[in-house]
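Student: Could you walk me through this one and show how each term earns its use?
Tutor: Gladly; take a look first.

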Amino acid sequence: MRPASCRHLILILGDQLDEDSAAFDGLNPAQDVVLMIEAREESTHVWSHKARTVLFLSAMRHFADKLRQRGWWVAYRALDKEGDATLADGLRAALALYRPERVIGVEPGDLRVRGQLDSALASIANLPVPAGTGPPRLLMEWREDRHFMCAPPQFRRWAGQSASLRMEFFYRMMRRQYQVLMDDGQPAGGQWNYDADNRKGFGRTGPQQVPRPLVFEADTITQEVIALVEQQFAAHPGDLQRFNWPVTREQALVALDDFISHRLPHFGTHQDAMWTGLDFGWHALLSSSLNLKLLNPLEVVHAAEQAYRSRGLDLASVEGFIRQVLGWREFIRGVYFLDMPGLKTANHFGHDRPLPAWYWTGETRMNCMHQCISQTLANGYSHHIQRLMVTGMFGVTAQIHPQQLCDWYLAVYVDAVEWVELPNTAGMALFANGGRFTSKPYVASGAYVKRMSNYCNDCHYEPATRTGPRACPMTTLYWNFLDRHETALAANPRTTLMVKHLERMAPQERQLLRAQAQDMLAGLDSL
Ligand code: SF4
C-alpha cells in the first residue's frame, strides 16, 4: 500500500538491483517509497544493443515485483507508460508527486548519471517540503555502493601519487585483505598468478566437449519487454532471437552454480582462444549479473574458492577466474573514479579516424572482425580476448578515435556500465591514457589471431602477408603502428623486441608497408 506520506524517496537505478543495497538501510516500507525509472535516454545516449536494453528493463521490472512482494511501494516509471525522456525527468516528476523530505540513492556507476541527477535536484532545491520542517530544502543523500569490495577512498589511498598503477599488486592486497586463496599467509600453490598456464589455443582439432550454456526461458515480463524494445528501438543494433541472460537473482544464482559445476574446471586452459561458432566456451557469463548487482562479487569468489578447496579444481583455472573478479573488476572501478573525467577524453596517440560503419553490422571481409562483431550483435556478448585483441586492437592500429570506440563498447555489450567499460576500453584496449595501468599497448599481427583461432582459415586476407592485395589489415596496420611509434616502443622494455623485428625490414619494404597502410587507413570502411 502506498504510504500516506513519503519521508524518503529511494532511487534505485537499473544497475543497482540488490536487496542488500545501502539504499535501503534504516528505511521503512511504511514511510518510504522506492523510485525506479525507465528513461529512454539510457538506451539512446549510445546506440544501445537491443539485448542490453531488454536485460536492464526486464531485470528492473522483476526487481520491482520482488520489492512489492516485500511490502515496498514502488513508484515505477515505465517506458511505455510514463515514458520519461531522461532519468532527471523521471526524478522531477516523482518529486512533484511524492514530495519527499529526502532522496536517497547509491553512488551511480556512471558519472554522467550522477551529474544529471545532481543538476535536476539542484534545479528544484526549493521544492516545498512538509510544514514545520524548516526552510524549503531538498536533500540528496548518496550512499556508498558496498556491492564492491574496494571503496573509492581505499583505492585512492592505495594508488597514492603513483603515475602508473599495476593491477597485480592491487590484486595481492585484495587476496590478503579478503583471505582468498591464501594458505598460512602465502598464496595457494605458492604463486599469486597462474596466467601463463591459461593461454592455450585449440590446435587444429578445435574445441572439444564444450559444455552447453543454460537456457533461461523468457517469462511474461521478459516477453513484454522484448516486444517493447522491438517497437521503440526497432532500428537499434543487435537481435533478440537468442536473448538468454539471467534477469533475476534466482536465475543468476543458477547461472553461477552452472558455471562452477560445469565450466570452471576448464575455464582457464582456453580462456584466450577463439573459434568460429564458439560463442561462450568455458566463460563464466556472469558479468552482466554481477554488474546489475544480481550477484555479489564476494559470493562468486567464495563459490569458486570453495570448488577448489572441496573438489580439487585446477588452481590455474580458479585463480584466473578469481583474479578477474577480486582483482581486475575492483581495480578497474577504482581507476574509473580516480581518473575521471580525464579518462573520458584521453587520446594518447591523437587518433581521430571515425569508427568504420561495419562495426555495427559485422559486414567486413576481415573474418576475425566479422566473427567477433556478428557474435556480439547476436548475443550482446563476446569474451575478453575478442574484445581486447580483435575489435579493440584493430581500433588502436587503425587509429580510430577512442571515444567512438568506447561508445561502441558501451552500446553493444549487455554487461557494459561506464565504470567498467571505459577504463577497459580506453585504458586497456586502446592505450588512450598512455599506459596508466598497462605496461605496453596491446597490439599484435594477424599471426596472433591465427594462433588463437581458426578465423584466418576462411578469410579473404592472408595473416602473414603485409603488402599486396591479400595483405591482412591486422598485420599491415600492426607493422605500421610499430613504424609510427618506433622510438617510444624501442624505449619500453616490454616492446623493444617488437621493434627489433622492424629494424630487420629493408627500407624499400618499409616504404611499401607505409603505402599499403595508408591505402587501408583511407578505406577502412571497405576492408
Ligand atoms: Fe583477421 Fe587477418 Fe586472419 Fe583475416 S587473415 S581473420 S583479417 S587476422
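**Helices across a sheet**

Student: What makes helix H3 (residues 87-98) lie across strand S1 (8-11), S2, S3 and strand S4 (102-106)?
Tutor: Contact means heavy atoms within 4.5 Å, and H3 lies across these four strands, running at about 155° to S2. Angles run from 0 to 180 degrees between N-to-C directions of axes fitted to C-alpha atoms, for helices over the stretch in contact. Helix H4 (residues 111-123) also packs on the sheet, touching S1, S4 and S5 and making about 160° with the direction of S5. Helices (H or I, at least four residues) and strands (E, at least two) are DSSP runs, numbered from the N terminus. This is a predicted model, with local features needing pLDDT of at least 70 and side-chain atom pairs 80 or more, while totals for chains, interfaces and linings use all residues. Residues count from 1 along each chain as its sequence is written, and side-chain values use heavy atoms, without hydrogens and water.

Student: How do you know that S2 (residues 32-37) and S3 pair?
Tutor: Pairing takes at least two DSSP bridges, and five join these parallel strands, so they qualify. Val 34 stands opposite Val 74 in S3.

Student: Why is the sheet called open?
Tutor: The five strands run in the order S3-S2-S1-S4-S5, with parallel pairing. S3 (73-77) and S5 (139-143) each have a single partner strand, so one side of each lacks a neighbour in the sheet. Neighbouring strands are turned by 25° on average, direction ignored.

**Ligand and loops**

Student: What is the make-up of the shell around the ligand?
Tutor: Ten residues are nonpolar, one polar and one charged. Shell residues have a heavy atom within 4 Å of the ligand; among them are Cys 368, Gly 446, Tyr 455 and Glu 462. Tyr and Cys count as nonpolar, Glu as charged and Gly as polar.

Student: What makes Arg 99 and Pro 341 stand out?
Tutor: Most residues other than glycine have a negative phi, and most peptide bonds are trans. Arg 99, in the loop between H3 and S4, has a positive phi near 45°. The bond from Met 340 to Pro 341 is cis, with omega near 5°; Pro 341 is in the loop between helix H11 (315-339) and helix H12 (342-345).
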